[in-house]
Each structure stands twice: as C-alpha cells, then as structure tokens.
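Here's a quick tour of one protein chain, starting with the overall layout and then zooming in on a pair of helices. Have a look at the model first.

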Amino acid sequence: MQRRRNRRYGTAVQLREIMTSGVVTAEADSSAAELAQRMRDHNVGSVVIVEPDGLPIAMLTDRDLAMRVLADEADPDLPIGARVSRPLISGDPDMELEEAAALMVQHRVRRLPVVDEGELIGIVTLDDIAVRTGNLEVAQRMTQEVIEGALPQFFFHERG
C-alpha cells in the first residue's frame, strides 16, 4: 500500500517513524522539585504524567513549571497534580505527520505523546520533526503556527 504524500509539509511520515520511544514519566503525586530534577537529569522539556497503571493522563512542561509553580510562588514540594497540562493531547502511532501537525497547532502544543490502545509508546516534538524528517523548514513552519496560535493578539494586533 502506498501512502499519499503530505502536501502541506512535503512528507508521508507516520508518527511511529519519528517518535522517541523513551518517554520520561511520573505520577501526579510527584513534587514539582522532583520533576524539575528528573527533566534536568534526562535533558527533556516535559514529563508525561501517568496513573499508577501507566495510563497517560496529563503532561508537565518546563513552561508549566515556570508559569504554574515558580511564577505563582507555589510550594515546589507539593504534589504537581493540580498544575499539569490537561487534557492530554496525544497522537496515534499510525497518524501521519500532517494530521499530527494540525493537532499540535490546533492545541498549541510543541510535544505530542504517542499512545497506542491506552499505552504510552513514544513522544514527538517539533525538534523530532525537524531532525528525523531532515526538514528544518517543516519544523520552522510548525513552530510559527504553534506560536501564532498561542499568541494571536501579538501577531494580529495592530501596532502603532
């Protein structure tokens, strides 16, 4: 079966082909301090929050730590559960890049966990898209669309 070529981004890549399979996870009762250290130790910008049985339910990003913990002067030793990004926006391993890109832009996310039948099997980031597809232009275009979606008042505000 031949996949059709992605017209918008010039690829026909499925998420399973570009995802990173080693995903850093934690449970919601972990503290912000623990998760910040875990992110540092693994050199990642996010942690997928999972239930005790491993079901992915939310995400904590470096931005969440800055905006919802540090900026709010929250206790970094309290459980992080209330300060995570919900709902979890995720992709399917058979999803093509164009569909995943549209989902990321629609929800203004830079990271997309890949879930197969309730099991977290990987994660795709804008960096993965650039590196693994070898197409920096694709990642730049997506980054611009994610930022424009997140900050429309900046891009569409009349400057005087």
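The protein chain has seven helices and five strands. Keep in mind that this is a predicted model. Reading from the N terminus, the elements go α-β-α-β-β-α-α-β-β-α-α-α.

Some whole-chain numbers come next.

| Property of the protein chain | Value |
|---|---|
| Buried share of the 160 residues | 40% |
| Share joining residues at least 24 apart, among contacts between residues at least 6 apart in sequence | 54% |
| Exposed area | about 9,600 Å² |
| Part of the exposed area supplied by carbon and sulfur atoms | 47% |

Now for the helix pair. Two packed helices are described by the angle between their axes and the distance between the axes. Here the pair is helix α2, spanning residues 32–42, and helix α3, spanning residues 62–70. Their axes come within 10 Å and cross at roughly 150°. That crossing angle makes α2 roughly antiparallel to α3, because angles over 145 degrees count that way. As for handedness, α2 passes α3 in a left-handed crossing.

Which residues of α2 and α3 make the contact? On the α2 side they are Ala32, Ala36 and Met39, and α3 brings in Asp62, Leu65 and Val69. By residue type, the contact of α2 with α3 splits into five nonpolar residues, one charged and no polar. The charged one is Asp62 of α3.

Terms used
Residues are numbered from 1 along each chain as its sequence is written. This is a predicted model: local features need pLDDT of at least 70, side-chain atom pairs count only at pLDDT 80 or more; totals for chains, interfaces and linings use all residues. Side-chain values use heavy atoms; hydrogens and water are left out. Axes are lines fitted to C-alpha atoms, for helices over the stretch in contact, and angles run from 0 to 180 degrees between N-to-C directions. Helices (H or I, at least four residues) and strands (E, at least two) are DSSP runs, numbered from the N terminus. Angles under 35 degrees count as roughly parallel, over 145 as roughly antiparallel, 65 to 115 as roughly perpendicular and the rest as oblique. A crossing is left-handed if the near helix is turned anticlockwise from the far one by less than a right angle, and right-handed if clockwise. Contact means heavy atoms within 4.5 Å. Buried means under 20% relative accessible area, exposed over 50%, partly exposed in between (1.4 Å probe, protein chains only). Accessible areas come from the Shrake-Rupley method with a 1.4 Å probe; for residues, only the protein chains shown count as cover.
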